[in-house]
Amino acid sequence: IRGMGVCAFIILKSGETATESLKAELNRHVRTEIGPIANLDAIYIVDALPKTRSGKIMRRILRNLAAGQYVGLGDLSTLADSSVINQLVEVVKAEHGE
């Protein structure tokens, strides 16, 4: 949607480390697959993502976190492990310098 950016929440395979070259490689991959004007505005390296029966709930949570909304994320009762949300908030805040 015009005016919105693209961000990625990445879970690394064991043995991989988060480096600036890895982030640049991810951006190159996005440009190759989507198009030359596509660019990731933010890349968050996380340990886990919220697990739900419906991806709709997970997408809503991730969209709100990427927009800087850390409270009022809606109903989280269907999450398998709600502690993941606290970890995601910490990662996003650290990337934003908060």
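Okay, let's start with a lysine. K23 is buried, with a relative accessible area of 17%. Keep in mind that this is a predicted model. So where does a buried lysine put its charge? The side chain of K23 meets the side chain of E95 in a salt bridge, at 3.6 Å from N to O. The structure holds 1 salt bridge, and this is the pair. K23 sits in helix α1, residues 20-34, and E95 in helix α3, residues 83-96, so the bridge ties together parts that are 72 residues apart in sequence. The glutamate is in another setting: E95 has 45% relative accessibility, which makes it partly exposed.

Let me step back to the whole chain for a second. We have 3 helices and 2 strands, and from the N terminus the order is β-α-β-α-α. The C-alpha trace spans about 40 × 35 × 30 Å along its principal axes. Of the 98 residues, 30% count as buried. If you take contacts between residues at least 6 apart in sequence, 61% of them join residues at least 24 apart. And for the surface people: the accessible surface is about 6,900 Å², with 51% of that belonging to carbon and sulfur atoms.

Now back to α3. This helix has 14 residues and reaches 21 Å from first C-alpha to last, close to the expected 20 Å. Which residues of α3 are buried? Those are V84, I85, L88, V89 and V92. They cover an arc of only 140 degrees around the axis, so they lie on the same side of α3. On the face turned away from that buried side you find the exposed residues N86, E90 and A94. What does the buried side pack against? Its residues go up against β1 (6-11), β2 (40-46) and α2 (55-66). Right after the helix comes G97, with a positive phi near 75 degrees.

Next, α2, which has a similar story to tell. Its 12 residues should span 16 Å at 1.5 Å a residue, and the end C-alpha atoms are indeed 16 Å apart. The buried residues here are I57, I61, L62, N64 and L65; notice the asparagine in that list. Their arc is only 160 degrees around the axis, which puts them on the same side of α2. The cover over them includes β1 and α3. This helix, too, is followed by a glycine with positive phi: G68, near 90 degrees.

That brings us to the core. The largest nonpolar core has 17 residues, and the members touching the most others are F9, I61, L65, I85 and L88. Which elements give two or more residues to this core? That would be β2, α2 and α3, and α3 gives the most, with 5 residues. Take L88 from that list as an example. Leaving aside neighbours within four places in sequence, L88 is in contact with F9, V46, A48, L49, P50, L62 and L65. Apart from this core there is another one, of 6 residues, including A8, I10, V30 and L40.

So, if you open the model yourselves, try this order. Begin at K23 and E95, the salt-bridge pair. Then follow α3 along its buried side, through V84, I85, L88, V89 and V92. From L88, look across to its contacts, among them L62 and L65, which are both buried residues of α2. That's my tour, thanks.

Note on methods: Residues numbered from 1 in each chain as written. Predicted model: local features only at pLDDT ≥ 70, side-chain atom pairs only at ≥ 80, totals over all residues. Heavy atoms only, no water. Salt bridge = Lys/Arg side-chain N within 4 Å of Asp/Glu carboxyl O. Helix = DSSP H or I, 4+ residues; strand = E, 2+ residues; numbered from the N terminus. Buried < 20%, exposed > 50% of the residue type's maximum accessible area, 1.4 Å probe, protein only. Expected span 1.5 Å × (residues − 1). Arc of directions from axis to C-beta. Contact = heavy atoms within 4.5 Å. Core = buried A, V, L, I, M, F, W, Y, C linked by side-chain atoms within 4.5 Å. Areas by Shrake-Rupley, 256 points an atom, 1.4 Å probe, with all protein chains shown as cover.
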